[in-house]
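Please open the model in a viewer and keep the sequence panel visible. The tour proceeds by selections, each followed by a description of what is found there.

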Amino acid sequence: GLFSTSELAPGFPFFHEKGAIIWNEVEKYLRDLYENNGYRFVISPMVMDKKLWLQSGHWEHYKDNMYFTKFGDREFAIKPMNCPGHILIYKQHLHSYRDLPIMMAEFGTVHRLELSGVVHGLTRVRHITQDDAHIFCLEDQIEDEIFKILNLIKEIYKVFDFKEYTVNLSTKPEKSMGALETWSSAEKALENALKKAKLKYEVKKGEGAFYGPKIDFDVNDAIGRPWQLATIQLDFQMPERFELEYEGQDGEKHRPVIIHRAIIGSFERFIGVLIEHYAGKFPLWLSPIQVKLMTVTDRNLKFAKEVC
């Protein structure tokens with residue numbers, strides 16, 4: 001009774017009352033934790049003009065996985081990622097180096113056109129609600145900010161009793177944006193943060209995002225299958241494409257760096273992994289039904305109501 005799927009909505013799961021309770025409890029826990037760690041929540045639109053996706057690079061690198069619509073003679077895309085929306089929010093204001101880092105979070109729903117052969121239960125879906133955040137920071141803040149995210153990941157995974165996970169550092173892919181020296185600098189910053197956090201990791205050559213290298217966490221479920229949940233991606237490219245600026249200590253304009261990060265990944269996949277991980281026996285705070293009073297016979301009904 002947690003969720004269901006339908007042929008009329010392939011890859012789009014329906015969360016029933018009990019499933020929604022689990023979702024809402026996870027969301028409540030994360031929202032409080034993130035706000036206590038300096039994140040501020042925003043809400044960005046679901047549908048935005050094709051021009052935005054051309055500027056961000058998604059049109060060139062991700063178009064085959066996107067949904068589109070038209071209003072009159074204008075083309076729009078349903079967002080596959082939240083980052084361009086957060087960038088537009090950043091651009092609404094002038095920023096000083098004193099304002100950074102700006103930590104912008106959103107439990108943002110995105111849509112991705114996954115091939116029908118890979119769509120599976122809750123773990124591979126087309127409707128994805130990410131625990132997404134973008135940190136706009138100075139270059140010399142990168143390692144510290146990534147170190148903080150790594151510690152947050154360790155804290156959250158401890159709460160959900162994830163003992164087995166693999167950490168991967170993914171480097172520059174063949175199809176990518178930006179100069180080689182920028183990529184090298186970004187990869188070094190991620191590596192330094194991993195070493196500082198004392199995390200063992202494997203290097204996955206050529207498996208980074210098109211705009212920057214990344215750290216991924218693969219968590220094993222109850223039967224040993226690995227699922228990618230957390231991701232931390234370093235991005236020097238979109239600040240260039242969108243001409244993002246802050247005023248430095250020298251009074252000149254400079255580019256910030258963007259750290260893209262999700263810790264549980266998507267709510268859909270995370271809940272799918274939790275169901276397997278707990279074998280359906282959820283801890284009390286997550287359990288849709290926490291207590292049942294069994295009366296056995298009708299004569300105990302009055303007393304059971306008093307207990308209730």
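The stops below cover a pocket, salt bridges, a helix, the surface and some backbone details of this predicted model.

**The largest pocket**

Begin with the largest pocket, whose volume is about 860 Å³. Select Y62, R112, Q130, Q228 and Q233: among the 32 lining residues, these are the closest to the centre of the pocket. Next, colour the elements that each give two or more residues to the lining, namely α3 (58–62), β8 (127–137), β11 (214–220), β12 (226–235) and β15 (257–266). Which of these elements gives the most to the lining? It is β15, with five residues. If the lining is then coloured by residue class, ten residues appear as nonpolar, 13 as polar and nine as charged. The general principle behind such a search is that rolling a probe the size of a water molecule over the atoms shows where empty space is left.

**A tryptophan in strand β12**

Remain with strand β12 and select W227, which is found there. W227 has a relative accessible area of 16% and is therefore buried, since buried means under 20%. Add M294 to the selection and display the distance between the two C-alpha atoms: W227 and M294 are 67 residues apart along the chain, and these atoms are separated by 39 Å.

**Salt bridges**

The whole structure contains twelve salt bridges, and three of them are visited here. In general, side chains of opposite charge can pair when their charged atoms come close.

Select D131 and R261 as the opening pair. Their side chains meet in a salt bridge, at 3.9 Å from N to O. This pair links distant parts of the chain, with D131 in strand β8 and R261 in strand β15, 130 residues apart. Are these two partners buried or exposed? D131 is buried, at 0% relative accessibility, and R261 is likewise buried, with a relative accessible area of 1%.

Move to helix α1 (residues 17–36) and select R31 and E27. The closest N and O atoms of this salt bridge are 3.2 Å apart. R31 and E27 lie four residues apart in the helix, so about one helical turn separates them. R31 is partly exposed, with a relative accessible area of 30%.

Then select K148 and E145, whose side chains form a salt bridge at 3.1 Å, N to O. Both belong to helix α5 (residues 142–159), where they are three residues apart and are therefore separated by about one helical turn. E145 is buried, with a relative accessible area of 4%. The underlying geometry is general: an α-helix has 3.6 residues a turn, so residues three or four places apart point the same way.

**A covered helix**

Select helix α4 (residues 83–90), which is mostly covered, with six of its eight residues buried. Which residues of α4 are buried? They are C83, P84, G85, H86, I87 and Y90.

**Backbone details**

In general, most residues other than glycine have a negative phi, and most peptide bonds are trans. The next three selections concern these two properties of the backbone.

Select L100 and P101: the peptide bond from L100 to P101 is cis, with omega near 5 degrees. P101 is found in the loop between α4 and β7 (102–111).

Select E243, which is not a glycine yet has a positive phi, near 55 degrees. E243 is found in the loop between α7 (237–241) and β13 (246–247) and is exposed, with a relative accessible area of 55%.

Select A279, another non-glycine residue with a positive phi, near 50 degrees. A279 is placed in the loop between α8 and α9 and is exposed, at 61% relative accessible area.

**The surface**

Follow the loop between α8 (267–277) and α9 (301–307) to V291, which is exposed, with a relative accessible area of 66%. Extend the selection to L293, F303 and V307: together with V291 they form a nonpolar patch on the surface, with about 420 Å² of accessible area.

For the last stop, select F14 in strand β2 (residues 14–15). F14 is partly exposed, with a relative accessible area of 40%. Adding F68 shows a C-alpha separation of 23 Å between two residues that are 54 residues apart along the chain.

Technical notes. Residues numbered from 1 in each chain as written. Predicted model: local features only at pLDDT ≥ 70, side-chain atom pairs only at ≥ 80, totals over all residues. Heavy atoms only, no water. Patch = residues over 30% accessible without salt bridge, like charges linked within 9 Å, V, L, I, M, F, W, Y side chains within 5 Å. Areas by Shrake-Rupley, 256 points an atom, 1.4 Å probe, with all protein chains shown as cover. Salt bridge = Lys/Arg side-chain N within 4 Å of Asp/Glu carboxyl O. Buried < 20%, exposed > 50% of the residue type's maximum accessible area, 1.4 Å probe, protein only. 1 Å grid on protein atoms, 1.4 Å probe; cavity = no way out; pocket = protein on both sides within 12 Å on 5 of 7 lines; lining within 4 Å. Points joined across faces, edges and corners; volume = space filled by probe spheres on them. Nonpolar A, V, L, I, M, F, W, Y, C, P; charged D, E, K, R; others polar.
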